[in-house]
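This report describes how strands are arranged into sheets and where helices pack on them. The chain and its model are shown here.

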Amino acid sequence: MVAPTPYSLIATDLDGTLLRADDTLSERSLAALARAGRAGARHLVVTGRPAPRVRPLLDDLGCTGLAVCGQGAQVYDAGADRLLWSVTLDRELAETALGKIEAEVGQVYAAVDQDGVDGLTLIEPGYLMPHPTLPALRVGRRDDLWCAPISKVLLRHHTLSDDELAATARAVVGSLATVTMSGPGTVELQPCGVTKATGLALAADHLGLSPEQAVAFGDMPNDIPMFDWASYGVAMANAHPELKTVADEITLSNEDDGIAVVLERLFG
């Protein structure tokens with residue numbers, strides 16, 4: 001299926017989508033985004049990474065506008081280095097949700113992203129960062145994770161797959177939190193009702209743009225709400241099967257400049 005016309009809003013995930021495995025941006029992708037920008041399209045990064053972990057990448061993109069961070073829990077103004085909107089996950093609810101999950105699957109290992117433009121990523125003993133290039137501070141015990149407001153909790157299990165852990169978490173967490181899976185080794189708890197579509201809708205409204213004007217790119221199940229919101233959804237070749245089933249198009253992988261291929265067709 002081919003997208004009918006160019007779009008005014010390009011929403012892209014980062015990991016596994018716009019970024020290559022080494023966390024870099026290809027020259028071809030940068031050129032394609034620049035070409036779309038010259039045609040009048042706005043690019044919005046829509047990522048699970050919190051605002052502090054996105055800032056250097058936005059610099060590489062030359063982005064001084066908005067970005068949707070923290071799985072939709074944050075709308076970040078890169079030019080002003082401030083959050084236009086943010087919502088936190090209640091820490092008592094997070095602890096309760098963790099207890100329910102561990103009652104089903106045994107010990108899990110947790111990390112948190114703190115709220116704010118200078119928030120830290122804290123990891124408890126035993127937790128391994130899925131992205132070793134991202135900075136994190138190891139704490140001595142789980143209780144130390146709750147020392148400041150958080151935007152989300154990241155979970156790992158020593159034997160369960162991401163799909164198994166996410167399915168169990170959804171079954172037992174209920175309305176305590178929204179459960180997402182955003183990448184290899186990355187199952188997350190975020191504020192109930194908050195998804196990438198939540199933040200994307202807020203950012204688009206701020207820019208005066210609508211879902212009908214949007215094309216979205218992603219690779220994981222956490223991108224499904226974004227695809228549901230946007231007029232056209234493009235999954236990467238390396239995408240999770242759940243996302244591919246709801247995509248309007250499947251492009252090449254992130255390593256093969258899949259986003260650039262589509263943008264060159266739409267804006268070339």
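How many bridges join strand 6 to strand 7? There are three, and strand 6 (residues 109-114) runs antiparallel to strand 7 (residues 121-123).

## Basis of the description

The model is predicted, so local features need pLDDT of at least 70 and side-chain atom pairs pLDDT 80 or more, while totals for chains, interfaces and linings use all residues. Residues are numbered from 1 along each chain as its sequence is written, and side-chain values use heavy atoms, without hydrogens and water.

## Six-stranded sheet

Strands 6 and 7 belong to an open sheet of six strands with mixed pairing, in the order 8-7-6-9-11-10. Strands are DSSP runs of E, at least two residues, and helices are runs of H or I, at least four, both numbered from the N terminus; pairing requires at least two DSSP bridges between two strands. Strand 8 (137-138) and strand 10 (178-183) each have a single partner strand, so one side of each lacks a neighbour in the sheet.

Within the strand 6 and strand 7 pair, Val112 stands opposite Leu122 of strand 7. Helix 4 (residues 91-105) lies across strand 6, strand 9 (150-156) and strand 11 (186-190), at about 15° to strand 9. Angles run from 0 to 180 degrees between N-to-C directions, with axes fitted to C-alpha atoms, for helices over the stretch in contact.

## Eight-stranded sheet

The other open sheet has eight strands in the order 5-4-3-2-1-12-13-14, again with mixed pairing. Its edges are strand 5 (82-86) and strand 14 (249-250), each with a single partner strand, so one side of each has no neighbour in the sheet.

Strand 4 (residues 74-77) pairs with strand 5 in the antiparallel sense over four bridges, and Val75 has Trp85 in strand 5 as its bridge partner. Helix 6 (residues 196-207) packs on this sheet, touching strands including strand 4 and strand 5, and its direction makes about 165° with that of strand 3 (66-69). Contact means heavy atoms within 4.5 Å.
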